[in-house]
Amino acid sequence: MSTDTTMLAQQFDDAAQQRDASALGMWVFLATEALFLGVLFAGYTVCRVRFPEAFAAGSRHTDMLLGTIETAVLLTSSCAVALALRDVQLGGRRIAVWLLLLTAALGLGFLVMHGFEYYSEYREGLMPGIHYTQQGPLAAPMQLFFCLYYFITGFHSLHVGIGVILLLVMARRTHRAQFNAQYCTPLELSALYWHLVDIVWIFVYPLVYLVGRAG
Amino acid sequence: MNPSPQPATPPSLRLHLIVLAALLALLLTSAGLALLPLGVFNTLSALGISVAKTLLVMAFFMRLRRGPPLLRIAAAVGFAWLAVLIGMTVADVLTRVVLPSPW
């Protein structure tokens, strides 16, 4: 069985070194992703410190139930992709394919729910610059909340979309038996990417949906 | 040929499900706490729970708990830069006098 040697690039001594290098590269990439979205979170923090009431009012316009369900969906999908990787590493294949498809389906479900959210926000006149009909003293600063909301969730949804495509490719490759217990680095790295998407949402959830809900 | 050194045996199915249950429980806790009037603790508890959820995902789903130290450092450095980014931005904003806009 020469899977290891055929998959081994010239610059590496052995498969383990190659795998570690790939994982390190992925983690560095994930750090840049965290910083990329971190800029938006920093902007959010600054604006929220400056306009706390407007952010609370803006948050109350979002759909908390749907947001909670979306969070649960992403957390579950993270578990599913982790289990898919586990199955492949234990020598399985069939269950892993189904788990990857389940993960992609949950990701798609997330996108659909978020699409419905955007649509209802459009109808309520909560899209600054496109259709914004809010009145009152908080209407102007609330636009900041919604701009950040669309940028953060928009970029996150873009990542979810990329992740879904990646997961479908991985499901196909797993189905074609291109991964086994010795070699499954692409699957491993895709799973890491999906977990990052999940982690970003873990922070989006309280900052977008849970502000000013009490009382 | 030597068999390639395996990454440590993957965590058990049971552990995965326990972590998922913990994550969902934390999610419901944070939703519930958001509805109680706790003042500044609403924000603090929500962010604290998010950090806890992130640590669970990173430690178990991303397998950093038993991961190579180099990966743990890379992951920690990402968050350290993020803390610098947000910390210094906020430090600047909080220590300035807000000037009213001229228009």
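## Domains of chain B

Domain bounds here come from an automatic or database domain assignment. For chain B in this predicted model, that assignment gives domain 1 (12–65) and domain 2 (67–96). The C-alpha centres of domain 1 of chain B and domain 2 of chain B sit 20 Å apart.

Where the two domains touch, domain 1 of chain B puts in four residues and domain 2 of chain B puts in four residues. On the domain 1 side of that contact, you'll find two nonpolar residues, no polar ones and two charged ones.

## Chain A at a glance

Over to chain A, which has seven helices and two strands. Read from the N terminus, the order of its elements is α-α-α-α-α-β-β-α-α. The C-alpha trace of chain A spans about 70 × 30 × 30 Å along its principal axes.

Of the 215 residues in chain A, 43% count as buried. Take the contacts in chain A with a separation of 6 or more: residues 24 or more positions apart make up 77% of them.

## The nonpolar core

The largest nonpolar core holds 82 residues, and the ones with the most contacts inside it are A:Val81, A:Ala84, A:Leu100 and A:Leu167. The element that gives the most to this core is helix H7 (residues 185–209) of chain A, with 17 residues.

What does A:Val81 touch, once residues up to four places away in sequence are left out? Its partners are A:Leu100, A:Thr103, A:Leu167, A:Ala191 and A:Trp194. Two of these names, A:Leu100 and A:Leu167, also appear among the residues with the most contacts inside the core.

## A look at A:Val88

A:Val88 belongs to helix H4 (residues 64–89) of chain A. Is A:Val88 buried or exposed? A:Val88 has 26 other C-beta atoms within 10 Å, so it is buried; the cut-off for that label is 20 or more.

Again leaving aside residues up to four places away in sequence, A:Val88 touches A:Arg93, A:Ala96, A:Thr174, A:Phe179, A:Cys184 and A:Leu187. There's also a long sequence gap to look at: A:Val88 and A:Tyr183 are 95 residues apart in sequence, yet 9.3 Å apart in space, C-alpha to C-alpha.

## Where the chains meet

Now for the contact between the chains, which takes 43 residues from chain A and 42 residues from chain B. On the chain B side, the elements giving two or more residues are helix H1 (13–35), helix H2 (40–61) and helix H3 (69–94) of chain B. H3(B) supplies the largest share of that side, 15 residues.

How do the residues on the side of chain B that touches chain A divide into nonpolar, polar and charged? That side has 33 nonpolar residues, eight polar and one charged.

## One helix pair up close

Let's zoom in on H7(A) and H2(B), which pack at an angle of about 170° with their axes 9 Å apart. Because of that angle, H7(A) is roughly antiparallel to H2(B); angles over 145 degrees earn that description.

From H7(A), the residues in this contact are A:His195, A:Asp198, A:Ile199, A:Ile202, A:Phe203 and A:Pro206. They meet B:Ala46, B:Leu47, B:Ser50, B:Lys53, B:Thr54, B:Val57 and B:Phe61 in H2(B). Sorted by type, the residues of this contact come out as eight nonpolar, three polar and two charged. H7(A) is also the helix that gives the most to the largest nonpolar core.

Conventions
Residues numbered from 1 in each chain as written. Chains lettered and ligands numbered in written order. Predicted model: local features only at pLDDT ≥ 70, side-chain atom pairs only at ≥ 80, totals over all residues. Core = buried A, V, L, I, M, F, W, Y, C linked by C-beta atoms within 7 Å. Buried ≥ 20, exposed ≤ 12 C-beta atoms within 10 Å, placed from the backbone. Helix = DSSP H or I, 4+ residues; strand = E, 2+ residues; numbered from the N terminus. Contact = placed C-beta atoms within 7 Å. Nonpolar A, V, L, I, M, F, W, Y, C, P; charged D, E, K, R; others polar. Axes fitted to C-alpha atoms, helices over the stretch in contact; angles between N-to-C directions. Parallel < 35°, antiparallel > 145°, perpendicular 65-115°, else oblique.
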